[in-house]
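Reader: I want to learn how to read a pocket and the charged pairs around it. Can you take me through one case?

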Amino acid sequence: MSGGIIYDTNFYAVLEAEVNAFRKALTKRWRKEVAAACWENSPFKTAFHRYQAPYGEDLWDYWDPINRLHLIYGPCEVVEWAQGDQQGGVPSCPGRINAPQSGSGLLFTIDRYGNEVVAPSEVICGMNSIMQHVEYWAHAEGSAVLGKLPQFDRHDQRAIEKAQ
């Protein structure tokens, strides 16, 4: 809150505006962290004040070895956007795999079942959907925080100060 004491008697509206700013900042920070975690093949945290997602959520499988090729060699336009200034909406990504080729002109990799396979030239990139989930998680986190804050809508700070 920018001015210190809130003298307006509509505290909830003021708090909600501040929580909305918190949600926006948290979304931006978590997008960067989630993009880095996906690129590094690491887990990521999705909550602090509420139950942890992504349990029950259908997230794109960034752990899959074929999808990893896209994140490693891509470039993944969503990861680049999230690690940059995040201007505009979340971009769509064509899922390219611009990997170095072997002598035969084909890239071989191991799939999730341990089989050697020819890697595709592109995958269906799901980073866009993960970034949309990040926005949901940040909004829900803000709601959890807002629900814990006292709502003094009928609280008149000037009357309290006069009574002292």
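Author: Begin with the make-up of the lining. This model is predicted. In the largest pocket, the lining residues split into 5 charged, 3 polar and 1 nonpolar.

Reader: Which residues line the largest pocket?

Author: The lining is made of Arg23, Lys24, Thr27, Lys28, Arg31, Gln86, Glu135, Ala138 and His139. The space in this pocket is about 180 Å³.

Reader: Which helix gives the most to the lining of the largest pocket?

Author: Helix 1 does, with 5 residues. Helix 1 (11-40) and helix 4 (127-148) each supply at least two.

Reader: Take Arg23. What is the nearest side chain of opposite charge, and how far away is it?

Author: For a salt bridge, check the cut-off: a side-chain nitrogen of Lys or Arg within 4 Å of a carboxyl oxygen of Asp or Glu. Arg23 is buried and has no salt bridge. Its nearest side chain of opposite charge is Glu16, 5.3 Å away. Arg23 sits in helix 1. Its side chain does make a polar contact of 2.6 Å with the side chain of Asn20.

Reader: How many salt bridges does a search of the whole structure find?

Author: The search finds 5. Read each pair by asking where its partners sit. One of them joins two residues of the pocket lining: Glu135 and Arg31. Their closest N and O atoms are 3.2 Å apart. Glu135 lies in helix 4 and Arg31 in helix 1, so this pair ties together parts 104 residues apart in sequence.

Reader: Are Glu135 and Arg31 buried or partly exposed?

Author: One of each. Glu135 is partly exposed, with a relative accessible area of 43%. Arg31 is buried, at 11%.

Reader: What does a pair within one helix look like?

Author: Take Glu33 and Arg29. Their side chains form a salt bridge (3.2 Å, N to O). Both residues lie in helix 1, 4 residues apart, about one turn of the helix. Glu33 is partly exposed, with a relative accessible area of 41%. Arg29 is partly exposed, also with 41%.

Reader: And a pair between loops?

Author: Look at Arg112 and Asp61. Their side chains meet in a salt bridge (3.1 Å, N to O). Arg112 is in the loop between strand 1 (108-110) and strand 2 (116-118), and Asp61 is in the loop between helix 1 and helix 2 (65-73), so the pair ties together parts 51 residues apart in sequence. Arg112 is partly exposed, at 48% relative accessible area. Asp61 is partly exposed too, at 26%.

Reader: Which residues are linked with Arg112 in a network of salt bridges?

Author: Asp61 and Asp64 are linked with Arg112 in that network.

Definitions and conventions:
Residues are numbered from 1 along each chain as its sequence is written. This is a predicted model: local features need pLDDT of at least 70, side-chain atom pairs count only at pLDDT 80 or more; totals for chains, interfaces and linings use all residues. Side-chain values use heavy atoms; hydrogens and water are left out. On a 1 Å grid over the protein atoms alone, a cavity is a set of points where a 1.4 Å probe fits but cannot get out, and a pocket is an open set with protein on both sides within 12 Å along at least five of seven lines; lining residues have an atom within 4 Å of a point. Grid points are joined across faces, edges and corners, and a volume is the space filled by probe spheres set on the points. Ala, Val, Leu, Ile, Met, Phe, Trp, Tyr, Cys and Pro count as nonpolar, Asp, Glu, Lys and Arg as charged, and the others, Gly among them, as polar. Buried means under 20% relative accessible area, exposed over 50%, partly exposed in between (1.4 Å probe, protein chains only). Lys and Arg count as positive and Asp and Glu as negative; His and the chain ends are not counted. A polar contact is a pair of N or O atoms within 3.5 Å; within protein, one must be able to donate a hydrogen and the other to accept it, and residues adjacent in sequence count only if both atoms are side-chain atoms.
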